[in-house]
Amino acid sequence: MIENLKALPQNLRDSVVRYTLHPTSDRERSQATFHNLFLHLQSVRVHRNTLRVAYSFGLGLITTASFVLLTLTGILLMVYYKPSTELAYGSVKDIHFVVPAGRFIRNIHRWAAHLMVVAVFLHMARVFYTGSYKKPREFNWLVGLALLVLTLGLSFTGYLLPWDQLAYWAITIGANIANSPREVTDALHITKFLDVGGFQKQLLLGANYVGQEALIRFYVLHVAALPILMAMLMGVHFWRVRKDGGLSRDETAPRDPNDVFSPTKTYGLMAVVRGRTPAVGRGPEGTVQSWPHLLWAEMAVFMFTVAVTLALSYFFDAPLKEMADPAIPENPAKAPWYFLGLQELVSYSAFMGGVGIPTIALIGLGLIPYLDRDPRGVGKWFGGPEGKRIFWLSTVFGLISVVALLALTVNCGWLRNWIPSIPQPVITLINPGTVIVLLYAAWSLWILRRTASLRLSAVALFTCFLAGFVVLTSMGSIFRGPNWQFYWWPSQWPVH
Amino acid sequence: MFDAGRRDFLGLAAIGSALAALGTALAGVLRLPKPAVLPGPMRVYKLGDPAQFAVGSVVKMDAEQLYLFRDERGFHAISSVCTHLGCIVAHSEREGFACPCHGSKFDTQGKVTGGPAPTGLAWLEVSLSPDGQLQVNGETEVSRGTRFQVG
C-alpha cells in the first residue's frame, strides 16, 4: 500500500493524460494530439498556409476567444445580477460600483461582445473574399451564418438586462420591429386572421409591452438558450472546418518543389551523399505538425484577444444610463452600433428595414455557395486580380450610391414629404432601403452580364452590401441626433 | 407500389412512429412560450373629475401613455405611443406630435404628415365612469374626430 501511495502522483498523472505531455518525436506529438479530447478537434498536421497570418488573420479564433471570455465573465456577472424589473438596474449598479472587480468584469463582458461582433463580421468577409465557401465547405458557410445570427441575438438579448433607459427603449424598438409585419398585414386587412407580427412580439415579450415577462425571457435566452445553441453550433463549425479539409487554400498553386509528397515510389540507397535528405524537417505536401506550430499560433491569437479586451476594459467603462422610464424615451434612442444600420433602414419603413431587407440579405448570403459552383479561385483573396478590380469598383459604386441616396433623403425627404396622402404600402415597397437593395442587385447583374462570372457578380453584390452596411451604420451612429434628425456632429445637437 | 422487405417495413414504421411521437410532444411543449393570458396593468384609466380639465387644455398622461384634450366640442384622448416602433411622441399646440426615435410627424389630429409611421395615432374612447369620473379606455379605438361631451 505504501508503495502505491508513493506512486500516487505519477499514477494519477498517467491516468489523466492518455498519452504523454512531453512528446519528443513527430509520431508522439501526433499521438498526443489525437489522444486528447480538446486537441483532437484539430488535425495532427496542418498545411503551412493555415498558419499564414495574412490569410486568415486569426479572425475565427478571435471570435472563439471572445466567446470564451464572454462565457467566463458572463457566469461571474450572473452571481450578482437579478433579472427583475425592480432589482435589475440596482444590481448592475452594484456590479459597477460595489462588487470587487465588478466594473472590470462588466467592462470585459461588454468589450469582448463588441470584439466578437467585429471579428465575426470580418471573419465572414474573409471567408467570402477568399472563396472559402465553395465545395465542400458550403454547409459550413450556412453554419457560420447561423452563428452570426446567434451572435447578434446574444448581443440584442444582453442589451435589455441592465434595465436602463438605453436598454428599455432599444428593446421597445426591437420588439416593435418583430411586430412590424403588421405594417403589411394591416394594409392587406388580414391582421385578424394572420397576425405574424403580434405573434412574434408576444413570443418575445410574453406581453404587449416590455416588462417583467420580457426581462425574464431575454435573460433565459441570453444566459441559457442562445449560448447552448451557440456552443453546439461552434462545435459543428470547427468539426466541419477540419473534415472539409482545414482552412481553404489554393489547390491549383504550383507546389514547392522541396515539399515531400505522398510517396508514389520508394528510393533505394544508391549512394552515400553529403547533407540532409530532402525529407528532413519537411512534412508531406507542405504540412507541419499541429503540435507545436498551430498550438503556438492559437495561443498567440488568444493572448492577443485577451490583451486587447483587457486594455479596452481598463480605459473605457461600459455605459449605464438612468433607470428605465416607460414614460420618457431616450432621444435619440439608439441600439448598439452594429444595429444602427438597421435602425437607419427602419426609419424609412419598419417592416422593410427591420424584417424584409435583413431576410433578403440572409437568404442571399445563404444562397451564395449554391449559386456560385465555380471551383476556381479558392484560397486567393478576391480570387485573383480580376476579382480585386471588381472589389474596388463595387466599393466605389456601393459607397457613392448609398451616400447619394442618403443625401437625397436628408435634403429632400422621401415620398411622403412630396405626396402627403401616399398610401403606406407604397412607402413599404419603395423607400431608400429597398431602392439601395435594387441598385446593388442591378449592379451585380450588370457585372454578371459583363463578365459572365457568378463569382465576380457575388463579389460585386457582397462588396456593395458591405459598403452599404458601413455607410448606414456610420449614418445611424454619428450623423443622427435627437428626433433622428441629421447633424454633422453630436456637438450640434440641440440642448434641452 | 412501395416495395420493401418485412424488416425494412418494420424499421421504417418504428422510425416513423418515433418521429411522430417526438414531433407531437415537441409541438405540445413549444406551446409554452406563447402566453395564454397577457399580463399587464388594467388599461381603463380613471382620470378624476371632468371639471378639473379646463376647456382648451392639453394634459400629457405619462403612466396612461396618452394626451387628453378638452376643447369647446368636448373631450378626446390621443394615444402617445408612436405607431412606428412604440416610442412616446411629444406634443406641441401648433405643430402636432413628433416622435423622438425615428422622426415620425403627426398633425394636431394625429394624422401622419411625415416620417416612417404607417398609421396615425390612435384616438381612444373617452367616457364617464359610474362614479362620475372621466374614463379613458386604452384598448378601444374610436374614429378620428370623435368627441365626448360631459352632461
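How many residues does the contact take from chain B and from chain A? Chain B gives 28 residues and chain A gives 33. Keep in mind as you look around that this is a predicted model.

Let's stay with that contact for a moment. The size of an interface is often given as the accessible area lost when the parts come together. Here, chain A and chain B bury about 2,300 Å² between them, and 60% of that area is on carbon and sulfur atoms. On the chain B side, try picking out L85(B), P100(B) and H102(B): this trio supplies 24% of the area that chain B buries against chain A, more than any other three residues.

Now follow chain B by itself. It is divided into domain 1, covering residues 1-39, and domain 2, covering residues 44-142. Measure between the C-alpha centres of these two domains and you get 50 Å.

Next come some strands of chain B. Strand β2(B) takes in residues 57-61 and strand β3(B) takes in residues 66-71. They pair in the antiparallel sense, over five bridges. To see one partnership up close, find S57(B), whose bridge partner in β3(B) is R70(B). Together β2(B) and β3(B) make a hairpin, with four residues between the strands. In the turn sits Q65(B), which has a positive phi of about 55°.

Further along chain B there is an open sheet of four strands. Its order is β5-β6-β7-β8, and the pairing is antiparallel. At the edges are β5(B), residues 90-92, and β8(B), residues 112-114, each of which pairs on one side only. Between β6(B), residues 96-98, and β7(B), residues 105-106, you'll find two bridges. A98(B) is a handy place to look, with K105(B) as its bridge partner in β7(B). While you're looking at strands, here's a general tip: in a regular strand the side chains alternate between the two faces of the sheet.

Finally, hop over to chain A and look for empty space. A search of the whole structure finds one cavity of 30 Å³ or more. The largest cavity holds about 40 Å³ of space. What lines the largest cavity? The lining is made by L345(A), Y348(A), V402(A), L405(A), L406(A), P432(A), G433(A), I436(A) and L472(A). Two helices, α16 (385-412) and α19 (432-451) of chain A, are the elements that give two or more residues to this lining. Sort the lining residues by character and you get eight nonpolar, one polar and no charged.

Definitions and conventions. Residues numbered from 1 in each chain as written. Chains lettered and ligands numbered in written order. Predicted model: local features only at pLDDT ≥ 70, side-chain atom pairs only at ≥ 80, totals over all residues. Heavy atoms only, no water. 1 Å grid on protein atoms, 1.4 Å probe; cavity = no way out; pocket = protein on both sides within 12 Å on 5 of 7 lines; lining within 4 Å. Points joined across faces, edges and corners; volume = space filled by probe spheres on them. Nonpolar A, V, L, I, M, F, W, Y, C, P; charged D, E, K, R; others polar. Pairing = 2+ DSSP bridges. Domains from an automatic or database assignment. Contact = heavy atoms within 4.5 Å. Buried area = accessible area lost by both parts, 1.4 Å probe.
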